[in-house]
Amino acid sequence: MRKTRTLLAALAVGLLTSTAALAGDVRVMWYSDGVEGEVMKDLLDRFMKENPGINVILDNVAYAVVRDQLPVQLEAGEGPDIARVTGLKALSNHWLDLRPLVADAAYWDTNFGEQADWMRPDGSNQISGFMTQITLTGGFANKTLFDQAGIAIPGPNATWDDWAKASKEVAASQQVPFPMVIDRSGHRIAGPSISYGANFMGADGKPAPLDEGAKTFLTKFVGWVEDGTMSKDVWVSAGGSTYRAGIEDFVNGQVPFYYSGSWQVPQLSTKIGTNFDWVATGSPCGPAACTGMPGGAGLVAIKYTKNPKDVAKVMDYLAREDIAKEFAERSLFLPAHKGVIEKGLDFKTDDAQAKAALDIFVKATTTSSDIAKKMPGWFWSDTVYAALVSRVGQAAAGEMKLDEAFARIDTDIAAKVKDSGR
Amino acid sequence: MKADVPGKTGLGIGEVALVPVRLAMGLIDAPLRWLQRVAGISGMAAFFLMPNMLIFGIFILLPFFINFAYSMTGSTALFLSDRTFVGSEQYARLFDCRNYLDPNTCAEDTFWTAVANTGWFVIIQVTLMIVVSLVTALILNRELAARSFWRAVFFFPVLLSPVVVGLIWKWILQRQGLLNFSLYGFGFEPYTWLNDRNWAFAATVGVSIWAHMGFYTLILLAGLQAIPKDLYEAAEMDGTRPARAFWRITMPLLAPNLLVVVVLVLIKAVQIFDEVYVLTGGGPGTSTLYLTQYIYETGFAAQLRNPGLAAAASILMGVVLVVLTLLQLGLSRSSEKKGARK
């Protein structure tokens with residue numbers, strides 16, 4: 001009797017304290033930029049009706065949780081069964097190989113093959129998951145402010161200098177605090193740097209020291225922050241590699257030009273509504289290219305799952321052409337599924353501005369430079385972005401000279417390479 | 001109630017409530033007596049201290065030793081077993097500096113910037129916190145109208161989560177925040193307080209004082225209320241001026257509480273993190289980057305984490321805290337001895 005009681009007590013304690021998924025439970029860690037969390041919940045509810053034996057739990061978390069806490073959980077061999085992540089390559093040794101588990105691996109290769117390398121260890125043919133959306137960095141202009149100022153919106157081949165000049169004129173005319181804003185992120189300033197000729201990748205696959213292309217754009221950028229052309233609020237009022245978006249200033253009509261990316265379109269559509277007219281502009285040009293940075297968020301299976309077969313069923317369902325199409329159309333995201341792209345999309349929005357913006361981003365993918373296309377699948381890209389944002393932030397805050405910042409970027413990256421032992 | 005009446009028999013509610021306690025005591029009495037015979041009186045002291053020591057050992061000492069072990073290892077792996085032993089390399093990296101007064105000459109410049117920022121923060125915040133808490137406690141100790149209400153008002157921020165504190169003040173201080181809105185209303189130009197290095201630093205000091213002073217005020221208030229009133233009455237009868245009474249009666253008798261407050265404020269100031277992280281994120285640049293944030297970012301938030309370097313920095317921070325606390329305790333004891341001799 002005592003033994004039975006002890007066993008029952010131990011079981012109860014185990015059940016109460018366990019965070020591991022039970023058989024049939026699939027836990028998904030998800031963050032949202034817009035409405036995609038609601039769309040995903042709806043899709044998963046339908047999946048559970050079709051598959052009553054599998055219980056999918058969608059944990060909606062802040063992006064910071066995915067960025068800061070998930071990697072620690074993964075290192076400890078813990079975590080959810082599936083996660084939506086942006087750090088795809090650096091953590092790829094934690095992703096589950098779905099190749100032997102999915103119903104038709106060839107279907108995955110055909111439709112998601114182009115980005116498969118972004119999320120698997122170098123040299124493997126692993127199927128880790130699929131991109132829930134393809135993103136591309138690019139600009140947005142407040143058309144109403146430009147129109148009211150009587151200044152034409154710069155054309156598709158306009159340079160960063162053209163945009164700075166025009167935005168300054170608009171800001172002065174319309175008395176808004178800043179002409180331009182770029183999200184505080186290394187990823188966001190890497191694209192324009194590439195347009196100025198930067199190549200962050202060395203011949204040996206490791207990070208190369210900052211070249212003249214990168215230095216030229218970063219010098220220009222810090223100058224813009226110092227002279228008030230670029231918003232100080234976003235870049236100066238934070239430290240380290242802290243991410244700050246500039247979307248609030250744009251949504252509130254406080255800035256004529258905002259450089260962010262395609263994932264902001266749903267938010268801009270919802271938050272701006274009919275308050276003012278806005279357009280997507282693609283990426284301004286530099287001497288070498290007019291490129292944005294491709295990237296996106298991927299849905300990956302975690303190799304520490306207790307239910308790999310159920311996880312594969314969920315992934316197979318979400319990767320289905322009709323489901324991928326519905327997800328992209330309802331969440332206003334650029335899809336990664338080849339078949340969906342080829343057959344075309346009908347984005348579910350009445351907002352003509354949002355539809356036009358998405359079309360411009362689709363078009364802009366054709367002007368992405370080869371270097372920019374390689375960055376998402378490069379192990380060291382996040383390391384480079386982190387060093388860029390910290391040190392450029394310090395230079396923008398007037399804490400160090402640009403030359404010192406450039407030297408520090410190189411030493412920071414070199415130290416990380418050394419620490420990693422790769 | 002019956003049992004409380006002398007001469008009456010039967011069990012009252014109090015007696016009934018004591019039954020399980022007596023039963024338990026009866027049960028443990030025999031084994032404890034046996035243990036006392038075996039271990040002796042001093043052994044019993046150790047036995048009763050053991051649960052506390054066990055908790056201290058598991059949750060304080062063990063993590064300290066694990067942390068120390070991490071500080072002697074390299075690589076970005078999380079598990080100690082996957083990490084390589086590098087000896088004092090992480091400490092050497094932290095101390096690799098041509099001029100300690102100029103962080104830019106150090107290999108880990110952000111560490112030394114964080115050390116300098118924390119040093120300034122501690123000096124300014126601890127001084128202001130003690131002065132402000134003491135003045136507030138002195139005021140709240142007087143006969144005020146609605147005294148309880150004012151005491152609650154000053155204590156209220158202590159109940160708030162640091163994240164809430166950070167967000168509230170961010171909404172007040174940001175460019176389109178409440179402060180600028182008010183200034184604009186009075187005809188002043190708005191100012192971006194959190195973009196200015198000095199104002200951002202001042203904001204972190206001010207916000208941390210606002211958030212925590214209620215707690216320290218409460219400790220000092222308790223000390224003030226424990227001072228016998230007749231001492232002040234006697235001083236007044238002798239014609240002592242209020243300022244002299246403050247320095248000769250209040251301060252010496254408040255010294256034990258003040259010492260507790262100084263130690264607690266100092267430790268809390270060195271550990272400052274959450275509200276500042278939300279308010280400024282360490283910026284502008286690194287002007288409000290404090291040691292705990294450096295440790296957090298190096299060990300947990302940075303791309304390719306370095307737990308070894310973070311552990312080494314936290315060990316150094318712990319050593320400084322222990323030294324400061326011992327110094328204060330030593331100073332307090334020596335002043336107590338001097339007071340006793342007088």
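Student: Which residue meets Arg46(A) in a salt bridge, N to O at 2.7 Å?

Tutor: This is a predicted model, in which local features need pLDDT of at least 70, side-chain atom pairs count only at pLDDT 80 or more, and totals for chains, interfaces and linings use all residues. Side-chain values use heavy atoms, without hydrogens and water. A salt bridge needs a side-chain nitrogen of Lys or Arg within 4 Å of a carboxyl oxygen of Asp or Glu. For Arg46(A) the N to O value is 2.7 Å, and the partner is Glu326(A).

Student: How many residues apart in sequence are the parts that Arg46(A) and Glu326(A) tie together?

Tutor: Helices here are DSSP runs (H or I, at least four residues), and strands are E runs of at least two, numbered from the N terminus. Arg46(A) lies in α2 (residues 36-50) of chain A and Glu326(A) in α13 (residues 321-331) of chain A, so the pair ties together parts that are apart in sequence by 280 residues.

Student: Is Arg46(A) buried or exposed, or in between?

Tutor: Buried means under 20% relative accessible area, exposed means over 50%, and partly exposed is in between (1.4 Å probe, protein chains only). Arg46(A) has 30% relative accessibility, so the class is partly exposed.

Student: Where does Arg99(A), the salt-bridge partner of Asp109(A), lie?

Tutor: The closest N and O atoms of Asp109(A) and Arg99(A) are 3.0 Å apart. Asp109(A) sits in helix α4 (residues 105-116) of chain A, 10 residues from Arg99(A) in sequence; Arg99(A) is in the loop between β3 (82-85) and α4 of chain A.

Student: Which residues does Leu101(A) touch, leaving out those up to four places away in sequence?

Tutor: Leu101(A) lies in the loop between β3 and α4 of chain A. Its relative accessible area is 29%, so Leu101(A) is partly exposed. Contact means heavy atoms within 4.5 Å. The residues touched are Leu96(A), Pro308(A), Lys309(A) and Ala312(A).

Student: Which residues share a salt-bridge network with Asp346(A) and Lys348(A)?

Tutor: Lys348(A) and Asp346(A) form a salt bridge, with the closest N and O atoms 3.6 Å apart. Salt bridges with shared partners join this pair into one network with Lys325(A), Glu329(A) and Lys355(A).

Student: What area do chain A and chain B bury between them?

Tutor: The contact takes 39 residues from chain A and 40 residues from chain B. Buried area is the accessible area (1.4 Å probe) that two parts lose on being put together, summed over both. Carbon and sulfur atoms hold 42% of it, and the total is about 2800 Å².

Student: Which three residues supply 20% of the area that chain A buries against chain B?

Tutor: No other three residues of chain A supply more. The three are Glu399(A), Arg408(A) and Asp419(A).

Student: How many salt bridges does the rule find across the interface of chain A and chain B?

Tutor: Asp419(A) forms a salt bridge with Arg93(B), the closest N and O atoms being 2.9 Å apart. Across the interface of chain A and chain B, the rule finds six.

Student: Which helix gives the largest share of the side of chain A that touches chain B?

Tutor: Helices α3 (63-75), α9 (232-236), α17 (381-396) and α18 (402-420) of chain A each supply at least two residues of that side. The largest share is seven residues, and they come from α18(A).

Student: How far apart are the C-alpha centres of domain 1 and domain 2 of chain B?

Tutor: An automatic or database assignment sets the domain bounds. It gives domain 1 (13-56) and domain 2 (107-341) for chain B. Their C-alpha centres lie apart by 42 Å.

Notes. Residues numbered from 1 in each chain as written. Chains lettered and ligands numbered in written order.
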